[in-house]
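Here are a few friendly notes to read alongside the structure. Take them one at a time, and find each part on screen before moving on.

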Amino acid sequence: MAAQRQASSASQIPHISPAELSYLYTSLSLPGNPIRPDGRSPTQFRPLSAETDILLGTNGSARVGFADGTQAIVGVKAEVERTPLGIEALSQAEQEEYAAESNKKDTGSNGDGIKRGSSSGQGSWVQMAIEIPGFRDDDALPVFLAEMMREPLVESVSAGGEGGMVGGLKGRLVINRRWHWRLYIDVLLLSQPLSYPLPLLSLTTHLALLSTKLPKLKSKGEEDPFFDDDWNAAEYLYPRVKSTSTKRSSIPGSLSVHKVRPPVTLLVISVAENIIFDPNREEIAVADAVLAISVTNNTDSDGLKLLSIRTIDPPSRLTQPGVPNSENVATLGSTAAAEESVIVNPSTGEEEVLGVWRPRRGGIKRMTIAKMVKMVLEKGGVGEEVLEGLEGVEVG
Amino acid sequence: MKSLRRDFSSDPHTANVTSKVFVRSTKSGKVQKIVRELYLRQDIPCSSRLCTICPAVAPEDANVAPFVLSEQPAGTAAFPRGHYIVPDTNALLNGMDLFEHTGAFYDVIILQTVLEELKNQSLPLYNRLLALIKTDEKRFYLFFNEFRLETHVKRGQDESINDRNDRAVRTVAKWYTEHLRAVTKSKKEKSIPTIVVITDDKENLRKAKEENVTALSLENYVSGLEDADKLLDMINESREARHAKETSGELFYPEYYSMSKMMTGLRAGNLHQGVFNVSPYNYLEGSIKVAAFDRPLIIMGRHNSNRAISGDVVVIEVLPKVQWKSPSTKIVEEEIVTKNDNPDADDNEAVVTEREQRALQEEVRQAHGKNLEGRPQPTAKVVGIVKRNWRQYVGTVDSSSTGSQATGRRQQNVFVLPMDKKVPKIRVRTRQAADLLGQRILVTIDAWNRDSRYPTGHFIRSLGELETKGAETEALLLEWDVQYKPFPKSVLDCLPKEGHDWRVPVSKDDKGWNGRRDLRDLLICSIDPPGCQDIDDALHARPLPNGNFEVGVHIADVSHFVKPNNAMDLEASIRGTTVYLVDKRIDMLPHLLGTDLCSLKPYVERYAFSVLWEMTPNAEVVSSDFTKSVIRSREAFSYEQAQLRIDDPSKTDDLTQSMRTLLQLSKILRQKRMDAGALNLASPEVRIEADNDEVGDPLADVKTKAMLATNSLVEEFMLHANITVAAKIYSTFPQTAMLRRHATPPPQNFEELINQLTKKRDMRLDVSSSGALANSLDRCTDSDNPFFNTLVRILATRCMTSAEYFCAGAHAESEFRHYGLASPIYTHFTSPIRRYADLLVHRQLSAAINYEGEDGRATIEGSITRNRLEDICRNINYRHRNAQYAGRASIEYYVGQALKARGEKLAADGVDSGIEEDGYVMRVFENGVVVFVPRFGIEGVVRLEDFVLPGDSTNRSVAERRELVTRRESDFDPEEYTLKVAEKGHESSDRTMCVELFQRVRVNVSSVKEEAGRGVGKRRVRILILNGK
């Protein structure tokens, strides 16, 4: 366990023999048509069950369970906080002037008010804590995961307009110049981290944020915030607009859609020429490269927007190598050794003996990354499919 | 990607569990989402006596009240089979007075939903409703509909809270109908009462019709009752106003700030919060004491006071410096200024009538003409109301506002003039204007909208004819919020079963003797005012072998009879104090305890709580001891009797000797107290000896209080006992001891008085400490004017803050000081029969001395949480103050009546010339003076027309005098505090009179009745000044 804990890499290394690793790798690297251990297609996700608003005491929450038994719940809580160095610096006259000004503009959309304060939105107002069984909260894995998910969340910025969010999440948290919301996102992995938990946690967080509501503000302008005590009047953190496009009507019960959504971080691996989504533990163990790609939908176009890519230390680096017969003392000199041919792995450019496992040394070709990103972003691609699927869960 | 949602429909328990979600904003600015889980049940009873199921099902362990809804509820024309009423929140908001009415509104089902909504909207109404639910007579049942499975209503998507609550009301009505039908299946269909929903919401009425629920608006329902005219008057006025006025455009008052704007301003310190007070001499001027400033801020005029009524907690904004003014020097009374207002006319109403405008201009001129001393004071305007402290007001219908059509049954607007001059007149719609003329009536304020110059309210009930004893006494009690209703049965149930036959147990083994010392051998006596029935205290003294004395103060052991938190205790804590009126006593505790079982009557054994000291002959305390005891008082003296006995040298018995010892010691104690700087304060009190007969002069009953040595004997030992007890309970309960303090008044309170004394008499007042003040007050004498010293003391007392009860934890120890008594710590221990504070102190002291009581619980009973204690302190401080005011008002009324009786007697001989007395000028205004008449303990305003100039006749009617005012003119010197009154055109002649502050004047006092104009029939004490300088 001690070794596992220190591993910042994608997951604990499963106890798989070099021969098995080699077998897996070979199946997954079949050109154009990889064979995955569970029979999925390369872009197919594992079935999952999801629901939102499971924790009544939170502002928003979600639970997602993968078919392999891994489960996570996420709760989002919001708190009003005073923004330091805010209006105290202003004189009374300035405050009044400001209040008068904002009252005047009150007729406009609320985006107006947000725009003024958007510059002061800060990433530190979103706090994320991840708890994984068997890990301390200052262990590398939870800290790394949290940062990996928080970063695209606070940095994603989108345009205004109806249902838009000026200044992104940061901007949405601004109440006025003196007050803001602080968001606490608590992520709890309920099961052992059988596979690298990033996709699960990201999906759950996404759902939780979509269902998050903030009490409706009743005060105006620079006044101390004062809220409606009716929870039903609370407004979604990610504003919703009434659906207009018929395309979405396939989703049952969905009357409103989000123009802006929180980002989703997808885990993608490459094995030889193949790009595989939602890898399970064994698949990660043989991956040439593991990438966490964060995307969100773009308000302006229908397409998706890439927010961040992070490479994750592939666990295959730490696996035991297989020994080719040619080097094996036991088989040395046997005829079998002569049959082994050395080939060059197209994705890593290294020489390998077919059927013999060699740990990956890291490094990935540009081409491969480009391909991965493209598969996520393209119209009708995996990213869109995932977001659409999540929209179906949400609502309710 | 597939997703699944867990399915709960198969779980049978989900129906029972539901939750309530809301947002709570805390004071610290936190905003929380609160989720309350609700577990629905099916055993909440319907409480109808018709029901056969509920009594069997209702849980036995819970305290389910007996079923209240009658099996034969009253019927009306519309509901001959009888009906149960289910009001919604608005019905209660608009018609609480109706629901309290004893003529109708029986068998009412109050929903939990409605009660909670009412609590959010109006706390006073909520408390009144709770009181209604508690009484048995009205048969109100609080139905916990939110907890019952069948009647719980889940809020739908996009359903507003109001709609949901309305639906809840209808659901309950439906359920009750079905439930009653089911349980009475065997009986005749006829006997099922109709469930009538009362709501004023049109949408709700419509939906009710759709759903087959009987629903009526409050007005429609009331119209179907007998006595509808009277009852309709009791509906809240603001409701109608809201509908009718939406169109009318003119707004008289500025809008209030939004709540959030006020909160922001308060936190930032730009706005201030305080209680709005109206000056007793000028109804257009108010003042507000806020924490941020030493002196109160002034609120000038209607516009700035912006619909605030005296007593409201308001938020104010300081006005720019150019609008600062000095307090007015003029007496302005609403009655006189706004004589000709028409209650119906809204159109030509300006907030400030022309007359008012003129009055204001005058003041501005004054303020501007001021020199150094009358520097303009900061003024402020009201920008919002935090809490309305509106109550029910006693008043009279302004006869001039009833208009010509006085006889019809038509509804009309009239003005009601409240007794309290600080409250503006109230516009009331009534159908019975003609009947109400000349009556003392009770009204309430419903609203004060921006488009109305005066508040609107509605009539509640009539107290009776003006000037009848019953009506005036009740008016007085209502005005001062004294709880005067007879004790309810639940309270009387707490009394000992033996009643008047209760005795101290003979056997010392009885549990009543637990922890009690037998002091029956001591020669104890009590000294009280004559005719006193509730004897709280008794004393004794005896020499000890070592030359010292044992002195004991024995206080009635009320805490033995009143156990904490029972109905009697709660009632007493609400009443707070016994209220003494001239001819009536409103007891805090039931008669049986106050005048018999607790009262330390002579010759019988009584439980007591004793404080025993060993004192040296120099009254130094060697040791003190506290104990519960049994005593037998040897004699109950009046002050005079005690004095006579002490002074009679022929009496040498032990009892008299012990009284002499007490007197001796008390004199030393008093001297010590004076040396420590205690103040000798004066209040303008007179005593009424109410055993008058028809013969003789009614005024003979009015006596100024005489002070005998025996008065001070009792007083000294009581003070001493209180101080000793205070120290003891504070040492045991450093946080929760019940103490009493008198804050050191800030020196600026005295500024005006110091100035006046310096100017007029060249006397100095040293207010640096209570001792210094006491000494300088002693020096304020005038050989020509023996009353002058008392007058100064009265004025000085008014500069001080009033003493208050507090919880030890609420202040630092240095703040415990009692300024007037010059004691570092003080409490009230010696009058538990008539003060609730003393009862609490008794409990605390019993716990402090580890007295266990009959059942060993006394120690626990003594403890009380700080929050609860602070609530009690707030209430008893309020009650105590009101009791004093009520007592004074009662004396004032009595004096007025005595003057009237005398006047009538003399009038029989043809002349009502009033009575001549000495009076003293207390305050000088620009258009009048305030004169104090010690003989009757009254002070009154003397206006210009009431100066009897040389050559003028005293005998003029009120109307004649009023004519004079136009011919009078005055010259007011605010520097010298003088007022010169002259006849117009005769300035130089001898037809002038000049009065100054502190001056002794001869006055003519009589009781007069207004004969014409506004306020016809209103009686007041008129003071005429006969001679000045």
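**Notes on chain B**

1. Let us begin with a pair of strands. Strand 33 of chain B and strand 34 (residues 978-983) of chain B run antiparallel and are joined by 6 bridges. Across this pairing, B:Phe972 sits opposite B:Leu979 of strand 34 of chain B. Please keep in mind that you are looking at a predicted model.

2. Now widen the view to the sheet these strands belong to. It is an open sheet of 3 strands in chain B, with the order 33-34-35 and antiparallel pairing. Strand 33 (968-973) and strand 35 (992-996) of chain B are at the edges with a single partner strand each, so each has one side without a neighbour in the sheet. On average, and ignoring direction, neighbouring strands of this sheet are turned by 15° against each other.

3. Next, a pair of helices. Two packed helices are described by the angle between their axes and the distance between the axes. For helix 2 (residues 89-100) and helix 4 (residues 123-134) of chain B, the angle is about 35° and the axes are 11 Å apart. Their crossing is left-handed. Which residues of helix 2 of chain B meet helix 4 of chain B? They are B:Leu92, B:Leu93, B:Met96, B:Phe99 and B:Glu100, and they meet B:Leu125, B:Arg128, B:Leu129 and B:Leu132 of helix 4 of chain B. By class, the residues of this contact are 7 nonpolar, no polar and 2 charged.

4. Helix 24 (residues 770-779) of chain B is a good place to look at burial. Its buried residues are B:Ser770, B:Leu773, B:Ala774 and B:Leu777. Viewed down the axis of helix 24 of chain B, these buried residues fall within an arc of 100°, so they line one face of the helix. An α-helix has 3.6 residues a turn, so residues three or four places apart point the same way. Helix 25 (788-799) of chain B is part of what covers the buried residues of helix 24 of chain B.

5. Where does chain B touch chain A? In chain B, 26 residues are in contact with 30 residues of chain A. Strand 1 (17-25), strand 2 (31-39) and helix 10 (259-268) of chain B each give two or more residues to this side. The side of chain B that touches chain A has 10 nonpolar, 7 polar and 9 charged residues.

6. Finally, step back to the whole chain. Chain B has 29 helices and 37 strands. Of its 1029 residues, 41% are buried. Among contacts in chain B with a separation of 6 or more, 68% are between residues 24 or more positions apart.

Notes
Residues numbered from 1 in each chain as written. Chains lettered and ligands numbered in written order. Predicted model: local features only at pLDDT ≥ 70, side-chain atom pairs only at ≥ 80, totals over all residues. Buried ≥ 20, exposed ≤ 12 C-beta atoms within 10 Å, placed from the backbone. Helix = DSSP H or I, 4+ residues; strand = E, 2+ residues; numbered from the N terminus. Arc of directions from axis to C-beta. Contact = placed C-beta atoms within 7 Å. Nonpolar A, V, L, I, M, F, W, Y, C, P; charged D, E, K, R; others polar. Axes fitted to C-alpha atoms, helices over the stretch in contact; angles between N-to-C directions. Left-handed = near helix turned anticlockwise from the far one by under 90°. Pairing = 2+ DSSP bridges.
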